[in-house]
Amino acid sequence: MSRTGPRPGGVDPIRPRASLRTAVVWEVLQGALERRAKSADRPVLDVLDIGGGTGNFAVPVARLGHRVTVVDPSPDALFALERRAAEAGVTDRVTGVQGDAHGLPGVIPPGGYDMVLCHGVLEYVDDPAEGVRNVVGALRPTGSLSLLAAGRGGAVLARALAGHFAEAQQALVDPNGRYGSGDSLPRRFTADDLTRLVTDAGLRTASVHGVRVFADLVPGVLVDTEPGAAEALLRLELAAAEEPGFHSVATQLHVLAERD
């Protein structure tokens with residue numbers, strides 16, 4: 001399978017902060033796609049991206065040569081996805097469908113995808129367990145799930161470092177990890193929460209990574225102006241992501257799960 005463009009896990013010199021925030025997920029995702037293509041003996045996989053919006057993940061995955069279907073409730077996001085796919089020259093490999101995780105069985109065929117991306121979705125659905133069951137239902141018998149969700153501990157740490165100690169304590173004790181009425185996220189998760197959801201849906205957890213352990217805490221001016229800082233921070237993020245001790249303070253948690 002041919003690739004175009006740089007390895008997705010690298011730091012974009014134009015947008016170093018954005019690249020740092022997605023580098024860990026890209027590193028895991030690209031490896032999973034390569035393994036899945038090898039095991040399936042098919043260079044082109046069918047990938048489903050739930051809540052994929054404007055194509056932050058879908059378009060680069062399509063650039064690797066795979067077919068990607070993006071399901072998103074926003075017509076505006078799907079229009080932007082179409083434009084972005086055209087600019088990247090992958091229009092023939094990216095399809096947008098209006099819908100959400102709750103109604104997923106009604107808009108895509110069951111059991112038709114080698115990999116499902118469910119990134120930034122479980123925070124907003126009414127029933128996370130149902131959402132995971134729906135996305136798992138879209139997988140082929142040997143498919144993989146890439147699950148990314150907000151981490152509870154990361155919110156506690158961020159609020160405390162900002163001097164909002166009462167909000168940090170509220171996020172620590174709240175059942176959904178919310179720090180108060182001004183919190184824009186309906187819920188956050190621990191690593192145990194996410195692995196339990198995928199296990200209950202019939203998948204095996206292959207790996208858990210902490211995402212944005214340091215990237216949201218390091219001053220932006222340092223990353224953007226200090227020579228070599230972005231690359232050094234990227235290496236640190238990738239190394240810390242695999243350490244279970246850092247999962248509890250990560251802004252996001254990434255779970256790769258597989259159907260054996």
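Reader: How do α5 and α6 run relative to each other, roughly parallel or antiparallel?

Author: Roughly antiparallel. This is a predicted model, by the way. The axes of α5, residues 152-161, and α6, residues 165-173, cross at roughly 170°. Angles over 145 degrees count as roughly antiparallel, so that pair qualifies.

Reader: And how close do the axes of those two helices come?

Author: Within 7 Å.

Reader: Which residues make the contact?

Author: From α5, Arg152, Val156, Arg159 and Ala160. From α6, Phe165, Glu167, Ala168, Ala171 and Leu172.

Reader: How do the residues of that contact divide into nonpolar, polar and charged?

Author: Six are nonpolar and three are charged. No polar residues take part in the contact of α5 with α6.

Reader: New topic, the sheet. What is the strand order?

Author: The order is β3-β2-β1-β4-β5-β7-β6. The sheet is open, has seven strands and shows mixed pairing.

Reader: Which strands stand at the edges?

Author: β3, residues 94-98, and β6, residues 204-211. Each has a single partner strand, so one side of each is left without a neighbour in the sheet.

Reader: What does the twist average?

Author: 15° from one strand to the next.

Reader: Back to β1 and β4. In what sense do they pair?

Author: In the parallel sense, over four bridges. Strand β1 covers residues 46-50 and strand β4 covers 113-119.

Reader: What is the bridge partner of Ile50 in β4?

Author: Cys118.

Reader: Which strands does helix α7 lie across?

Author: β5, β6 and β7. Helix α7 spans residues 191-200 and runs at about 25° to β7, residues 252-258.

Reader: What does UniProt list for residues 48-144?

Author: An unreviewed UniProt entry gives that span as "domain: Methyltransferase type". In the model, residues 48-144 are 30% helix and 28% strand. The end C-alpha atoms of the span lie 11 Å apart.

Reader: Now the whole chain. How many helices and strands are there?

Author: The chain has 10 helices and seven strands.

Reader: What radius of gyration does the chain have?

Author: 18 Å. A compact globule of 260 residues would have a value near 18 Å, so the chain agrees with that.

Reader: What does the C-alpha trace span along its principal axes?

Author: About 50 × 45 × 35 Å.

Note on methods. Residues are numbered from 1 along each chain as its sequence is written. This is a predicted model: local features need pLDDT of at least 70, side-chain atom pairs count only at pLDDT 80 or more; totals for chains, interfaces and linings use all residues. Side-chain values use heavy atoms; hydrogens and water are left out. Axes are lines fitted to C-alpha atoms, for helices over the stretch in contact, and angles run from 0 to 180 degrees between N-to-C directions. Angles under 35 degrees count as roughly parallel, over 145 as roughly antiparallel, 65 to 115 as roughly perpendicular and the rest as oblique. Contact means heavy atoms within 4.5 Å. Ala, Val, Leu, Ile, Met, Phe, Trp, Tyr, Cys and Pro count as nonpolar, Asp, Glu, Lys and Arg as charged, and the others, Gly among them, as polar. UniProt positions are given in the numbering used here, feature names are shortened, and annotations may be inferred rather than shown by experiment. Two strands pair if DSSP finds at least two bridges between them. The radius of gyration is taken over C-alpha atoms; the globule rule is 2.2 Å times the number of residues to the power 0.38.
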